[in-house]
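Here are some short exercises to help you find your way around a new structure. Try each task yourself, then read the worked solution beneath.

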Amino acid sequence: MNTGVKITAFAAAVAATFGAAYGVGAAVGPIHQEPQPAAHAAHDKSSAPDRDSGRADATPAGLEVSRAGYTLDLKTPRVVAGEESGLRFAIRDQQGRQVTSFQREHGKELHLILASRDLVTYRHLHPTRASDGTWSAPVTVPAAGSYRVFADFTPAADNATNLTLGADLAASGPYEAASLPVPAASTTVDGYTVTLDADLTPGKTSDVLLGVSRNGRPVTDLQPYLGAYGHLIALRSGDLAYLHVHPNGEPGDGTTKPGPGISFSTTVPSAGSYRLFLDFKHKGTVRTAAFTVQTGKSATPETADTDERGGHQH
């Protein structure tokens with residue numbers, strides 16, 4: 001079953017479950033394009049031949065619930081909008097056993113991302129793992145609709161590669177469709193202004209430069225977060241293909257400065273619209289700046305305010 005059919009089938013199932021309280025927006029078809037050269041792998045491991053987020057001849061990261069013998073078992077398939085829920089899940093191996101041993105990457109055994117299908121809501125969660133391999137994290141989604149949960153991890157098994165698996169989460173309640181925010185060259189969050197300079201070209205390595213300022217003055221004392229001065233995730237509009245990239249350089253390498261600029265290199269797998277989420281830490285608080293970018297087009301000279309539905313939950 002192709003991605004477009006899976007998305008349509010899921011939307012129909014959710015609509016049947018929640019009825020009039022939960023409407024489903026117009027279906028978004030998959031993005032079709034001829035195969036492109038390999039994309040940069042996440043976590044700066046582009047040399048790994050089987051890297052999950054890499055080759056365009058493979059399914060992009062985050063679109064599969066199972067891959068390379070591992071499965072994301074989402075034990076909480078639905079929540080109620082506006083209410084705190086305990087999101088529970090496990091990673092299972094080829095024998096169906098819950099995995100209890102992972103490699104630590106950027107300070108964590110597993111990175112968990114939650115995003116709404118309209119890419120307006122974004123959560124970077126930090127779940128905890130029980131001894132039996134069950135992960136859990138408190139989460140509150142602001143609106144009814146369809147969400148995608150991404151688990152980014154590397155098993156501790158020999159020769160294991162990094163994987164990003166995805167599963168659908170439904171939130172019940174009164175539903176209102178939201179449009180993808182328009183592309184903008186800057187956004188504000190909690191008094192910080194974040195600017196974006198990017199010209200993403202499908203199949204080619206593209207530079208992404210973000211700058212952080214506050215009250216008109218460059219921020220030059222960003223604090224490390226997950227081993228870097230910035231943490232960037234990109235999701236493709238439509239099917240939510242997942243790109244997890246990190247900045248060029250790291251704290252303490254002798255050349256990377258703590259702001260105001262944070263530089264990334266990435267390769268998008270196809271034409272389309274992408275939503276970029278930058279996490280940065282300053283004065284002890286992690287904040288998230290979000291941008292919409294169209295491939296092959298530079299960010300437009302507009303300013304947008306970060307939607308209240310984006311952010312962090314720990």
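**Exercise 1: An unusual peptide bond**

Pro260 sits in the loop between S16 and strand S17 (261-266). Keep in mind that the model is predicted.

Task: Find which residue is joined to Pro260 by a cis peptide bond.

Solution:
- Start at Pro260 in its loop between S16 and S17.
- Look at the bond that joins Gly259 and Pro260: omega is about 0°, and the bond is cis.
- As background, most residues other than glycine have a negative phi, and most peptide bonds are trans.

**Exercise 2: Two positive phi angles**

Task: Leu119 and Asn159 both deserve a look at their backbone. Decide for Leu119 and for Asn159 whether the residue is buried or exposed.

Solution:
- Begin with Leu119, in the loop between strand S5 (110-116) and strand S6 (122-125).
- Leu119 is not a glycine, yet its phi is positive, at about 65°.
- Buried means under 20% relative accessible area. Leu119 has 0% relative accessibility, so it counts as buried.
- Now move to Asn159, in the loop between S9 and strand S10 (163-172).
- Asn159, also a residue other than glycine, has a positive phi near 65°.
- Exposed means over 50%. At 79% relative accessibility, Asn159 therefore counts as exposed.

**Exercise 3: Aromatic pairs**

Task: Work out how the rings of Phe89 and Trp135 are arranged, then do the same for Phe150 and Tyr242.

Solution:
- The structure holds seven aromatic pairs.
- In one of them, the ring centres of Phe89 and Trp135 are 6.2 Å apart and the planes meet at 5°, so this pair is stacked. The cut-off for stacked is under 30 degrees.
- Phe89 belongs to strand S4 (residues 85-92) and Trp135 to strand S8 (residues 134-139), so the pair ties together parts that are 46 residues apart in sequence.
- Both partners are buried: Phe89 has a relative accessible area of 0%, and Trp135 has 3%.
- For Phe150 and Tyr242, the centres are 5.0 Å apart and the planes are at 35°, so the pair is tilted.
- Phe150 comes from strand S9 (residues 145-153) and Tyr242 from strand S16 (residues 242-245), so this pair links parts 92 residues apart in sequence.
- Here too the partners are buried, Phe150 with a relative accessible area of 0% and Tyr242 at 1% relative accessibility.
- To finish, place Phe89 and Trp135 in a wider group: with Tyr70, Phe102 and Phe153 they form one aromatic cluster.

**Exercise 4: Inside the largest cavity**

Task: Find which classes of residue line the largest cavity.

Solution:
- A search of the whole structure gives two cavities of 30 Å³ or more.
- The largest cavity has a volume of about 50 Å³.
- List its lining: Leu200, Val208, Leu232, Ala234, Leu243, Thr266, Val268, Tyr274 and Leu276.
- Strand S15 (231-236) and strand S18 (273-282) each contribute at least two of the lining residues.
- Sorted by class, the lining has eight nonpolar residues, one polar and no charged ones.

**Exercise 5: Stepping back**

Task: Describe the whole protein through its helix and strands, its buried share and its contacts.

Solution:
- Count the elements: the protein has one helix and 21 strands.
- Check burial: of its 314 residues, 50% count as buried.
- Consider contacts between residues at least 6 apart in sequence: 66% of these join residues at least 24 apart.
- Finally, turn to the surface: the protein exposes about 13700 Å², and carbon and sulfur atoms supply 48% of that.

Definitions and conventions
Residues numbered from 1 in each chain as written. Predicted model: local features only at pLDDT ≥ 70, side-chain atom pairs only at ≥ 80, totals over all residues. Heavy atoms only, no water. Helix = DSSP H or I, 4+ residues; strand = E, 2+ residues; numbered from the N terminus. Buried < 20%, exposed > 50% of the residue type's maximum accessible area, 1.4 Å probe, protein only. Contact = heavy atoms within 4.5 Å. Areas by Shrake-Rupley, 256 points an atom, 1.4 Å probe, with all protein chains shown as cover. Phe/Tyr/Trp six-rings, centres within 6.5 Å; stacked < 30°, edge-to-face > 60°. 1 Å grid on protein atoms, 1.4 Å probe; cavity = no way out; pocket = protein on both sides within 12 Å on 5 of 7 lines; lining within 4 Å. Points joined across faces, edges and corners; volume = space filled by probe spheres on them. Nonpolar A, V, L, I, M, F, W, Y, C, P; charged D, E, K, R; others polar.
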